[in-house]
Amino acid sequence: MVLLTCSYIADLLLGDPESFPHPVRAMGRLITFLDERLNQNDSPRRKRIKGMLSALLVIITSGYLAYLFVAFAGKLNPFLGWLAWIYVGYTVISVKDLSVKARAIAGELTLGFLKEARAKLSCIVGRDTKDLSGDKIIRATVESIAESTTDGIVAPLFYLALGGPALAIVYKAINTLDSMIGYKNERYINFGWFAAKLDDAVNFLPARVSGVLIVVSSFILRKNFTASFKTMLKDS
């Protein structure tokens with residue numbers, strides 16, 4: 001629990017600098033490499049098999065490398081092992097990064113800079129943002145941050161507490177796969193099918209924990225927690 005807390009504090013302090021080594025960026029490059037070479041003109045069945053094998057390769061490689069990194073550091077020196085644990089744990093959490101990006105969008109809107117707000121919004125959503133009004137930019141930002149509360153905060157902490165850095169990195173690999181290839185469009189409907197289903201499965205419990213935490217938060221902040229609870233039930 002001490003190491004997990006240190007990972008959380010490290011994220012609050014450091015966030016996600018673009019220049020800092022980050023395993024998710026490495027995962028993204030591997031996913032892109034496999035996508036470009038394996039997601040070709042094949043039958044739906046072959047695409048699903050290739051997509052499943054690609055996903056498993058990314059997941060197993062990511063988890064094993066994280067395990068080796070922490071284990072090797074621990075063998076060199078117990079203190080280095082703790083630092084490695086904290087570093088890997090820190091990289092799967094996105095509290096400060098979400099806050100920074102949301103506040104940047106809000107800042108542009110406050111100044112009336114819609115074009116700049118749309119550009120910053122495009123960094124956190126997959127939809128086309130070029131024609132969004134101010135109200136729709138706010139809605140899209142809130143929706144994105146709300147969704148990311150699960151896959152960027154609650155779920156990583158859940159798996160970090162459950163199985164340490166290796167399991168947390170496995171979760172992050174699944175989540176990154178879903179965010180890159182888990183779409184129901186012509187290119188990914190079959191190739192990304194396995195990644196999307198797996199992401200649904202690993203988020204089943206954390207998503208429900210997130211829902212409860214949002215209701216509790218609304219009570220603490222003296223908002224309408226009754227409406228919050230009813231919305232959680234209504235929208236599942």
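**Helical architecture, nonpolar cores and aromatic contacts**

The protein contains 10 helices and 0 strands. The model is a predicted one. Read from the N terminus, the order of elements is α-α-α-α-α-α-α-α-α-α. The C-alpha trace extends about 50 × 50 × 35 Å along its principal axes. The radius of gyration is 19 Å, which agrees with the value near 18 Å for a compact globule of 236 residues. Of these 236 residues, 39% are buried. Among contacts between residues at least 6 apart in sequence, 62% join residues at least 24 apart. The exposed surface amounts to about 14,100 Å², with carbon and sulfur atoms supplying 65% of it.

In soluble globular proteins, nonpolar side chains tend to be buried together. In the present model, the largest nonpolar core has 34 residues, of which Val58, Ile93, Leu160, Ile169, Leu177 and Ile181 touch the most other members. Two or more residues of this core come from each of α2 (23-38), α3, α4, α5 (95-110), α7 and α8. Helix α7 gives the largest share, 12 residues. For Ile93, when residues up to four places away in sequence are not counted, the contacts are Ser7, Tyr8, Asp11, Gly152, Leu157 and Leu160. A second core, separate from the largest one, consists of 8 residues, among them Ile105, Ala117, Val125 and Ala140.

Helix α8 covers residues 193-202, and its buried residues are Phe194, Ala195, Ala196, Asp199 and Val202. These buried residues pack against three helices, namely α3 (44-76), α7 (134-181) and α9 (204-220). Trp193, a residue of α8, has Arg48 over the face of its ring, at 4.4 Å from the ring centre. A second arrangement of this kind involves Arg208, which lies over the face of Phe204 at 3.8 Å from the ring centre.

Aromatic pairs number 7 in the structure. A pair of aromatic rings is described by the distance of the centres and the angle of the planes. For Phe69 and Tyr87, the ring centres are 6.2 Å apart and the planes stand at 70°; the pair is therefore edge-to-face, as the angle is over 60 degrees. This pair links distant parts of the chain, since Phe69 belongs to helix α3 and Tyr87 to helix α4 (residues 78-92), with their positions 18 residues apart in sequence. Phe69 has a relative accessible area of 41% and is thus partly exposed. Tyr87 is likewise partly exposed, at 24%. Together with Tyr90, Phe69 and Tyr87 make up one aromatic cluster.

Phe219 and Phe225 form another edge-to-face pair, with a centre-to-centre distance of 4.9 Å and an angle of 90° between the planes. Phe219 is classed as exposed because its relative accessible area, 51%, is over the 50% limit. Phe225, with a relative accessible area of 35%, is partly exposed.

Note on methods:
Residues are numbered from 1 along each chain as its sequence is written. This is a predicted model: local features need pLDDT of at least 70, side-chain atom pairs count only at pLDDT 80 or more; totals for chains, interfaces and linings use all residues. Side-chain values use heavy atoms; hydrogens and water are left out. Buried means under 20% relative accessible area, exposed over 50%, partly exposed in between (1.4 Å probe, protein chains only). Helices (H or I, at least four residues) and strands (E, at least two) are DSSP runs, numbered from the N terminus. Contact means heavy atoms within 4.5 Å. Rings of Phe, Tyr and Trp (its six-membered ring) pair if their centres lie within 6.5 Å; planes under 30 degrees apart count as stacked, over 60 as edge-to-face and the rest as tilted. A charge sits over a ring if NZ of Lys or CZ of Arg is within 6 Å of the ring centre and within 35 degrees of the ring normal. A nonpolar core is a set of buried Ala, Val, Leu, Ile, Met, Phe, Trp, Tyr and Cys residues joined through side-chain atoms within 4.5 Å. The radius of gyration is taken over C-alpha atoms; the globule rule is 2.2 Å times the number of residues to the power 0.38. Accessible areas come from the Shrake-Rupley method with a 1.4 Å probe; for residues, only the protein chains shown count as cover.
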